[in-house]
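User: I would like a close look at a single strand and at whatever it is paired with, explained slowly enough for a first-year student.

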Amino acid sequence: MLDIYVCEDNEKHREFISNFIADYCIFRNLDAGIVLTTPYPDYVISHFADAQNPALFFLDIDLKAKINGIELASRLRNLGKKAFIVFVTTHSEMTLLTFQYKVEALDFIIKDNQSDIKKKIGDCISTVINRLYGNSKPETIKITVEDKIIFLDMDEIIFIESTHIRHKLRLTTKKRILEFNGELKTMEEKLDHRFIRCHKSYIINKDKISSINKKESTVILINKSICPVSRNGKKLLP
Amino acid sequence: MTFLMLLGATCFSIFIIFCVENMHIFDMSKKKQITYAWLGLMIVIIVILAREFGGISGWAVPLLAIFLMIILWIIVYRNFLKILMLTVYLTALYFGIEAMYALTCVLIGRTPAAFHEYSEHLDIGILAICWVTVLVAALVLKKILKKRIDMNILNHRAMYFMVISAGISLLFIYLKFILGGVLFTLGQQTVNFGDIAYLLFFASSIMMFVIILRYIAKETTQRTEKLLIESSKKYINDLEESYQALRTIKHDYVNILTSLKLHIDSGDMESLEKYYYGELSEMNKDLLYQDHLMSSLQNIKISEIKSILIYKGSLALNLLIDTAIEVREAVEKLGVSTAIVCQILGILLDNAIEAAAITDEKKLRIAIINNPNSKVFIIKNTWKQQDFPVSKFFELGFSTKEGNRGVGLYTVRSLTEKINGLFLETEVTAEYFIQKLTVKEN
């Protein structure tokens, strides 16, 4: 069961959102429901602190209370439970990069367009339900870039390589490249059987190989990257 | 003493093997290397046969081997420098193994001697171990040094220096070969000339080793400095441009005031009104907007970073890109050289502006975020999505624009790869191209 919370100071708006969510959950027969709608951020915190279920929050940013939505979000995060946060706001300037970076919101919904809100709220709920209970619950791996923790789906990773600097690694997916501190050995342990250490400086995802060049001892991956293969690595190749 | 000399000689030989192996001129394909290894083995067999059955002995044995090798290389290469290098390589290998062999003999309590002085007692087992040890040692040296030193340094002037000094040192070895058995009296003592050759060789090896290490250290610092100078040149250029941009704004204001004065002086209220609400308000919008952009920059206390953002920001505005810079908290210091961060930001911003300019939305968002132990620079821009994997952008010579050199991101990568405390994250979505540069604080 997914608990949904709505925190919004405007009464009309609060009702509009919660009614829509309630209808959405019933019509689609989802294992989710509203547990709290309130204008007070403190209520949200105290209620969530005792709750057991994973939760999805729809928060307004300007709450006309002691704390604003952003702060509320970071407090909810600090409780260390499974929480998905969506901001519903009129403040387009609040959709700033800084906040996006800091609170890792699932989405930002701008209130201006009513029909757009409905679609976006629906999308958010489906996404969360899918992530929690979907069949293909993807395996993730945790990566730390200095102060930031990033979770990546393992099946997106194409390869990980070491760089010229000790302990600095680079991870490549189709849409993303990340540099971070770590060691290939520990990464190898964290990753599952799909990944092989084809060379002392490379870990590749077996599912992402597009071709193998035996003559030159290289593998060409789906993103056209070329990785060298060592003698031991050859034995691991499919 | 003998022990130390032999140890020095072994180390030196290993070092020469390492140097020659890493020189650009020496690179060959694996296949070629294997062919030569076989040819080399054949020559060794010929030499052994010549020694055993042909009656050749003494120093003629190694000389014969070298002679055969040189003939082989002349046939294959016809390149004087390569032949010289290969001769140096082989001699160093031969001597390294011999010194190692003698060293082992000393360790296990036998009388050390050069190969050619043995007749029946040449222990093939020890010899094989020595051979492997020397090659492994050169390999280990390569592994250790490759991480710390840019091997390209070895390919320039250092190479000639090395060839000459290696040649001089090797001359001593040959002197030893030739004069190994000659004794002469010095005062009351009888001295073996071979020992003197060993001593001279040992001394020159230490000298050469020190000189090369110092040369490499110097060259490395010079390279870093050169890099810094280049990036600061680019930075100064950017600074000049940003100053120019500021002057343009000032100039615009003066122009506006002057034309206002003209309108007031002529007393033509109607045209003044028209000017104020028409032309001027349009102009003002731009100017005010620019002001808004600048105001968020006051939190940046590092002037170099600030000026590059001002310059690139106004560049983007001139191209009618919707630009915003967010700096919520004070940015006071970075753990990495400011010049390098500026260089990277310059490249990333140039790319972002270039990409955003050809989209319909034309959006550029820049943010600097303060974390407890790091600062994060985020550059997010709209882009015309292309069907390339993101890794492609970092390849040298890859560019989405025709005629562009495509060195920008390649440079960025080579910087983040070489400097500790810099991490670049690149992400693409259908709409946005996002670069996040994390800079460690300490």
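How many bridges join β9(A) to β10(A), and in which sense do these strands run, parallel or antiparallel?

Analyst: Five bridges join β9(A) to β10(A), and the two strands run antiparallel. The model is a predicted one, in which local features need pLDDT of at least 70 and side-chain atom pairs count only at pLDDT 80 or more, while totals for chains, interfaces and linings use all residues. Residues are numbered from 1 along each chain as its sequence is written, and chains are lettered from A and ligands numbered from 1 in the order in which they are written.

Strands are DSSP runs of E with at least two residues, helices are runs of H or I with at least four, and both are numbered from the N terminus; two strands pair if DSSP finds at least two bridges between them. In the pair you ask about, A:T172 has A:I177 as its bridge partner in β10(A), and the hairpin that joins β9(A) to β10(A) passes through two residues.

The strand β9(A) covers residues 168–173, and six of its six residues are buried, so the strand is largely enclosed by the rest of the structure. Here a residue is buried if 20 or more other C-beta atoms lie within 10 Å of its own, exposed if 12 or fewer, and partly exposed in between, with C-beta atoms placed from the backbone. In a regular strand the side chains alternate between the two faces of the sheet. In β9(A), the residues A:K168, A:R170 and A:T172 point one way, whereas A:L169, A:L171 and A:T173 point the other way, and all of them are buried.

There is also a partner that comes before β9(A) in the chain, namely β8(A), residues 157–162, which is joined to β9(A) by five bridges and runs antiparallel to it. The residue A:T172, already met as the partner of A:I177, is here the bridge partner of A:F159. The hairpin of β8(A) and β9(A) has five residues between the strands, and within it A:H167 takes a positive phi near 70°.

From β10(A), residues 176–181, the pairing goes on into the other chain, for three bridges join this strand to β6(B), and the two run antiparallel. One of these links is that of A:R176, whose bridge partner in β6(B) is B:E427.

This pairing leads to the contact between the chains, which takes 28 residues from chain B and 21 residues from chain A, two residues being in contact if their C-beta atoms, placed from the backbone, lie within 7 Å. On the side of chain B that touches chain A, the elements giving two or more residues are β4 (363–370), β5 (374–382), α11 (408–418), β6 (422–428) and β7 (432–440) of chain B. Of these, β6(B) gives the most, with six residues. By class, that side of chain B divides into 10 nonpolar, eight polar and 10 charged residues, where Ala, Val, Leu, Ile, Met, Phe, Trp, Tyr, Cys and Pro count as nonpolar, Asp, Glu, Lys and Arg as charged, and the others, Gly among them, as polar.

Back in chain A, A:I141 gives a contrast to the buried residues of β9(A). This residue lies in strand β6 of chain A, residues 140–145, and it counts as partly exposed because it has 18 C-beta neighbours inside 10 Å. Leaving aside neighbours within four places in sequence, A:I141 is in contact with A:L152, A:M154, A:K190 and A:L191. Its C-alpha atom is separated by 9.7 Å from that of A:I157, 16 residues away along the chain.

Finally, two loop residues of chain A can be set beside A:H167. A:N29 is not a glycine, yet it has a positive phi of about 55°; it sits in the loop between α1 (11–27) and β2 (32–38) of chain A, and with 7 other C-beta atoms within 10 Å it is exposed. A:K224, again not a glycine, has a positive phi of about 70° and is found in the loop between β14 (218–221) and β15 (226–228) of chain A. With 12 C-beta neighbours inside 10 Å, A:K224 counts as exposed.
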